[in-house]
Structure formats: structure tokens, C-alpha cells
Amino acid sequence: MPRVTQILRRARKAVHDFDLLKILESELNHELSSMRYQNDKIGSVGDFVLEWDSPSSQDVVLRKKCSSGEEVAVSALLGRDTFQGDGTLPREALMKICVKKPGLSSILQFDCVASNRGGNESEFEIQNANYLPSSSLSCLNSSTYRGPLFSDLDPALQDELKQYLAARGIEENFTNFLLLHLHKKEQGQYMVWLQKLKDMMIEHE
């Protein structure tokens with residue numbers, strides 16, 4: 001009897017593994033047939049250089065040096081899924097933007113969100129604007145005053161800070177590129193992950 005039970009367990013496991021393999025293949029085929037973002041080409045990085053874009057990480061880093069000597073760095077990754085009605089909206093890009101003036105160790109850091117407004121239109125909003133006394137974040141602690149809530153600032157000042165970033169290349173053309181690039185990156189990573197699971201199931205048959 002124990003021998004029969006062992007055989008039945010192996011048979012059940014084989015059936016479950018086969019079902020999982022079929023679902024993985026189906027999901028891979030679906031992604032390959034849709035390729036939602038791969039053929040799209042919108043936006044531009046402008047003067048920015050894509051400095052970090054590892055296939056194994058979720059984030060990207062872009063950097064530029066202005067003719068004035070000012071440096072601008074942007075790190076970004078996709079946020080969580082958001083929903084509207086019964087559908088899923090394109091994911092937002094969470095951005096950290098740092099601006100450093102030549103000869104100064106202090107930096108301005110902006111926490112921003114870039115989102116798709118529909119079609120090929122995008123926009124970005126500033127959530128926080130922080131003054132950091134040094135580009136070395138090790139000097140900061142939890143009690144360091146970094147600035148007020150951005151939403152508490154005078155609306156005119158909020159608008160001017162947004163224009164300040166737009167003048168440094170953080171505008172619709174840039175956010176269009178960033179959102180598309182991050183979605184392409186995520187889809188490619190998801191397909192690689194599916195393929196690895198599928199290969200593992202095949203190897204252990």
C-alpha cells in the first residue's frame with residue numbers, strides 16, 4: 001500500500017507540474033503576441049544620458065551637466081498598479097530629481113510622480129522639495145529639517161518650482177520617454193522571469 005500511495009503522489013505532482021507549465025507557456029505567448037510597448041517610440045531624453053539601466057534592476061538613472069556647470073540627476077522606477085473602474089491604468093513613474101550647483105555641496109532634491117494622461121501625453125507632479133545641506137546623505141538624520149510639505153507652499157511657488165525643473169529638461173517629452181522606457185523594461189523583465197520558471201519546470205520533468 002505505501003508503494004501505491006507513493007506512485008499516486010508522484011502522478012498527482014506530475015499533473016500539477018504539467019498544468020503549471022501550460023499556464024506559463026500561455027502567459028509567455030500572450031506577452032509575445034501583445035508586446036504592448038515594444039514598438040512604441042515617443043519622447044526623448046534630450047540632453048540627459050542614460051547612466052544606469054541594468055536588466056536585473058527595476059530603476060534607471062539619467063544624468064546631465066548643463067553649460068552653466070549645474071548637474072541634474074534623475075532616478076526613476078515604476079510605482080504600484082492603479083485602477084480606474086474595472087481597468088488598470090498605466091503605472092506611474094516615481095522620480096527622484098537632484099540638482100547641484102557648481103562649487104556647492106548642497107543639493108535640491110525633488111520627489112516627483114510622472115503619469116500618463118492618455119494617448120501620448122504625460123505630466124509630472126512634485127510631491128516634495130527638499131534642501132539637503134550636503135550631497136553626502138550620511139550627514140542627515142531624522143531630525144534634519146528638509147523643508148515644508150510641498151502642498152503647503154504658496155501655489156505660485158509650487159508653479160515656479162515646477163517651471164524650474166522644466167527649464168532643466170524635466171518636461172513632457174522627457175516624461176513620455178521615461179514612462180515608455182520603464183514599461184518596456186518591466187515587460188521584458190517579466191518575460192525573462194516567465195521563461196526562467198518554464199525552463200526550470202522542463203528541467204525537472
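1. In helix H2, Pro155 and Glu160 are exposed, where exposed means over 50% relative accessible area, buried under 20% and partly exposed in between (1.4 Å probe, protein chains only). On the other side, Leu161, Tyr164 and Leu165 are buried. Seen down the axis of H2, the buried residues fall within an arc of 95°, so they line one face of the helix; the arc is that of the directions from the helix axis to the C-beta atoms.

2. This is a predicted model, in which local features need pLDDT of at least 70 and side-chain atom pairs count only at pLDDT 80 or more, while totals for chains, interfaces and linings use all residues. Residues are numbered from 1 along each chain as its sequence is written, and side-chain values use heavy atoms, leaving out hydrogens and water. Helices (H or I, at least four residues) and strands (E, at least two) are DSSP runs, numbered from the N terminus.

3. The cover over the buried residues of H2 includes strands S6 (93-100), S7 (107-118) and S8 (121-132). Asn130 is located in strand S8 and counts as buried because its relative accessibility is 9%. Among the residues that Asn130 touches are Ile107, Asp111 and Arg146, not counting residues up to four places away in sequence; contact means heavy atoms within 4.5 Å.

4. Which residue lies over the face of Tyr164? Arg168 does, at 3.7 Å from the ring centre. Lys162 lies over the face of Phe124, at 5.1 Å from the ring centre. The criterion is NZ of Lys or CZ of Arg within 6 Å of the ring centre and within 35 degrees of the ring normal.
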